[in-house]
Amino acid sequence: MAPSATAPEQHQLPASILAAKAKASNGNSTTTAAAPLTAPLASLLGAWPTFKFAPIRESTVSRAMTRRYFADLDAYAEADIVIVGAGSCGLSCAYTLGRLRPDLRIALVEAGVAPGGGAWLGGQLFSAMVMRKPADVFLSEVGVPFEDEGDYVVVKHAALFTSTVLSKVLAMENIKLFNATTVEDLITRQIEGEEGVRIAGVVTNWTLVSMHHDDQSCMDPNTINAPLVISTTGHDGPFGAFSVKRLVSMKQLEQLGGMRGLDMQSAEDAIVKNTREIVPGLIVGGMELSEMDGCNRMGPTFGAMALSGVKAAEEALKVFDLRKAQNKE
């Protein structure tokens, strides 16, 4: 005989859910264990048998995404500042610029699907993030809690730092993140009467397209014009140190200094102090500087990344008006 069908087993809702639903219905609850959920969300708890999403047509989803993406491409084809690389340095730079100059249109271009670079982990496969003082002031600025250990502080998980800064940057109306997008080249303008060039924007492509230039053809790039580019692409790697390596190939730099061995004592100070405009229109910060200047690597300490981004923003605002005027030519 075939087994008879049985109704799903019913369970009593936990006290915390009952308390949350009571609070949702009347705004009051005498249960101290009530979950801090908003009334609309709490009202869903225990109501799943009758749950149903609002209706939608598949093409509506497609149009909702593509319409906004291509509107952003149109709007940011002329940007005020392009930041290349959304690691800890690029994100802190974007945050600082966004706070100081909400009037500027800032494009943040990241080759990876997930922004953050190496800042999702504190080092190796360890979660805690170490920052030497005074980088703790940036943590306090963005609201990331930490343990104070005297000369340094520790964030309980690097992902807390990264996700916090990222969420604040993405919430800014004047900043657009183009992730899974690679900078393939720099737009240049000849400086009249000189051999040097001025950087006037970036050449972009989707990262997956860039990775297949050797086995596909006819995959031309896109462009973003901007009077100022801030490059924070990290130390040498598949997409690392891109802008400074491109300057060498364009004969704008004789050669790279090459990153030296690990020395935290000297490395972090050097990166922050030397964050600067390298050629007109191009500011370099973070570990990309170590490849250009021949600085030491710093290993798993992130204070220099955060403060190099802050200094890059300051350097950008020093020259922005001049570069913007030049970019009209």
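Which residues does Val183 touch, not counting residues up to four places away in sequence? In this predicted model, the partners are Val84, Val109, Val202, Val203, Thr204 and Phe242.

**The annotated binding site**

Val183 belongs to a set that the unreviewed UniProt entry labels "binding site", together with Cys89, Glu110, Ala111, Gly118, Asp220, His235, Met287, Arg297, Met298 and Gly299. These positions span 211 residues in sequence, and their farthest two C-alpha atoms lie 37.2 Å apart, so they do not all gather at one spot. From this set, the lining of the largest pocket takes in Cys89, Glu110, Ala111, Gly118, Val183, His235, Met287, Arg297, Met298 and Gly299.

Here are two members of the set side by side:

| Residue | Strand | Relative accessibility | State |
|---|---|---|---|
| Val183 | β7 (residues 181-190) | 7% | buried |
| Arg297 | β14 (residues 296-297) | 40% | partly exposed |

Val183 counts as buried because its 7% falls under the 20% cut-off. Arg297, leaving out residues up to four places away in sequence, touches Met259, Arg260, Gly261, Leu262, Asp263, Met264, Ala267 and Met287. Of these partners, Met287 is itself on the UniProt "binding site" list.

**The nonpolar core**

Now for the interior. In soluble globular proteins, nonpolar side chains tend to be buried together. Here the largest nonpolar core has 73 residues, and Ile81, Val82, Ile83, Leu97, Leu108, Met131 and Ile230 touch the most other members. Helix α11 (residues 303-327) gives the most to this core, with eight residues. Beyond its neighbours within four places in sequence, Ile81 is in contact with Leu97, Leu104, Arg105, Ile106, Ala107, Ala226, Leu228, Ile230, Ala316 and Phe320.

Notes. Residues numbered from 1 in each chain as written. Predicted model: local features only at pLDDT ≥ 70, side-chain atom pairs only at ≥ 80, totals over all residues. Heavy atoms only, no water. UniProt positions renumbered as here; feature names shortened; annotations may be inferred. 1 Å grid on protein atoms, 1.4 Å probe; cavity = no way out; pocket = protein on both sides within 12 Å on 5 of 7 lines; lining within 4 Å. Helix = DSSP H or I, 4+ residues; strand = E, 2+ residues; numbered from the N terminus. Buried < 20%, exposed > 50% of the residue type's maximum accessible area, 1.4 Å probe, protein only. Contact = heavy atoms within 4.5 Å. Core = buried A, V, L, I, M, F, W, Y, C linked by side-chain atoms within 4.5 Å.
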